[in-house]
Amino acid sequence: NRLYFEINRGNNMRYIISKKDCLDVLKTCYFSKKGIPIGLVLSPTLANIYMKSFDNELYGKLKKLNLNNIIYTRYADDMVISCKDKLDQEKILKIKELVSEQLSYLGLKINEKKFRNVSLYTSNHVKITGINICKVKMKGNNNYRYLTVGRSKRELLYKLAFELLELNKDSFIYQYKLKKLKGYYAYVYSVEKGKVDRLCPPKYVDKLRKYGYSSFSDLIREL
């Protein structure tokens with residue numbers, strides 16, 4: 001019903017996709033009654049369609065709590081709610097109740113095994129959907145925060161780039177790995193920015209020089 005509504009809204013009845021057509025599309029996207037599969041390109045889009053009203057309603061209710069800079073984000077079924085206030089247990093439970101109430105309207109519920117509360121006032125690090133939020137002292141600010149994908153993910157990026165240098169550009173495996181590199185680099189760079197170059201380990205810096213590149217970004221552009 002939600003897919004049918006979103007596809008046909010704003011069409012002024014000129015072109016209507018039937019509910020049966022919508023159901024036929026959805027039947028190609030899942031293989032069990034547990035939901036849409038992880039990794040399917042269409043899964044995040046279908047999740048966004050289904051959760052659209054939830055996102056709007058929940059964020060509106062969260063804003064009414066009058067917390068300092070409250071932010072709600074969601075990727076598929078991973079939700080993060082953050083603010084700059086130090087929250088007591090009562091406020092945390094209030095937020096959890098709001099989420100549970102809105103989820104119940106969609107036949108969904110919180111996965112208690114994955115629910116957690118983390119304060120960067122007491123911890124220096126938290127990992128959310130693969131992204132690390134770290135806290136360090138910088139220029140007199142004891143609560144400076146920055147984002148990073150982490151050393152291991154950067155390492156994978158460096159390795160993949162140098163693998164491509166050893167492959168024949170006309171081969172299928174080169175084209176496959178090049179597409180993988182483009183997507184992975186876009187992801188890492190969106191988080192790390194210039195740190196992709198600054199944090200390049202010495203062993204890879206030596207390799208860059210061996211191949212005649214002054215920076216990792218130069219290598220990526222060449223590839």
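**Helix packing and strand pairing in the predicted model**

Leaving aside neighbours within four places in sequence, S43 is in contact with I36 and P37. The model considered here is a predicted one, and in it S43 belongs to helix α3, which comprises residues 43-63. With a relative accessible area of 8%, S43 is buried, since the cut-off for burial is under 20% relative accessible area. The C-alpha atom of S43 is separated by 39 Å from that of K203, a residue 160 positions away along the chain.

Helix α3 also packs against helix α4 (residues 89-104), the two axes coming within 10 Å and crossing at roughly 150°. The two helices are therefore roughly antiparallel to each other, the threshold for that description being an angle over 145 degrees, and α3 passes α4 in a right-handed crossing. On the side of α3 the contact is made by M51, F54, E57, L58, K61 and L62, and on the side of α4 by I95, L98, V99, Q102 and L103. By residue class, this contact of α3 with α4 divides into eight nonpolar, one polar and two charged residues.

A second helix pair is formed by α5 (residues 151-165) and α8 (residues 202-211), whose axes lie 11 Å apart and which pack at an angle of about 25°. Helices α5 and α8 are therefore roughly parallel to each other, as angles under 35 degrees are counted in this way, and their crossing is left-handed. In this contact E155, Y158, K159, F162 and L165 of α5 meet K203, Y204, K207, L208 and Y211 of α8. The residues of the contact of α5 with α8 comprise six nonpolar and four charged, with no polar residue among them.

Strands β3, β4 and β5 form an open sheet in the order β3-β4-β5, with antiparallel pairing. The edges are occupied by β3 (125-128) and β5 (141-148), each of which has a single partner strand, so that one side of each is left without a neighbour in the sheet. From one strand to the next, the twist averages 25°. Strand β4 (residues 131-138) is joined to β5 by six bridges, the two strands running antiparallel, and within this pairing C134 has Y146 in β5 as its bridge partner. Helix α6, spanning residues 172-192, lies across β4 and β5 and runs at about 170° to β5.

A further antiparallel pairing, over five bridges, links strand β1 (residues 71-75) with strand β2 (residues 78-82). Within this pairing, Y72 has I81 as its bridge partner in β2, while Y75 stands opposite D78 of β2. The hairpin of β1 and β2 has two residues between the strands, and A76 takes a positive phi near 55° in it. In a regular strand the side chains alternate between the two faces of the sheet. Such an alternation is present along β1, where Y72 and R74 point to one face and are buried, whereas I71, T73 and Y75 point to the other face and are not buried. Y72 thus combines a buried side chain with a bridge to I81, whereas Y75, which is not buried, stands opposite D78.

Technical notes:
Residues numbered from 1 in each chain as written. Predicted model: local features only at pLDDT ≥ 70, side-chain atom pairs only at ≥ 80, totals over all residues. Heavy atoms only, no water. Helix = DSSP H or I, 4+ residues; strand = E, 2+ residues; numbered from the N terminus. Buried < 20%, exposed > 50% of the residue type's maximum accessible area, 1.4 Å probe, protein only. Contact = heavy atoms within 4.5 Å. Axes fitted to C-alpha atoms, helices over the stretch in contact; angles between N-to-C directions. Parallel < 35°, antiparallel > 145°, perpendicular 65-115°, else oblique. Left-handed = near helix turned anticlockwise from the far one by under 90°. Nonpolar A, V, L, I, M, F, W, Y, C, P; charged D, E, K, R; others polar. Pairing = 2+ DSSP bridges.
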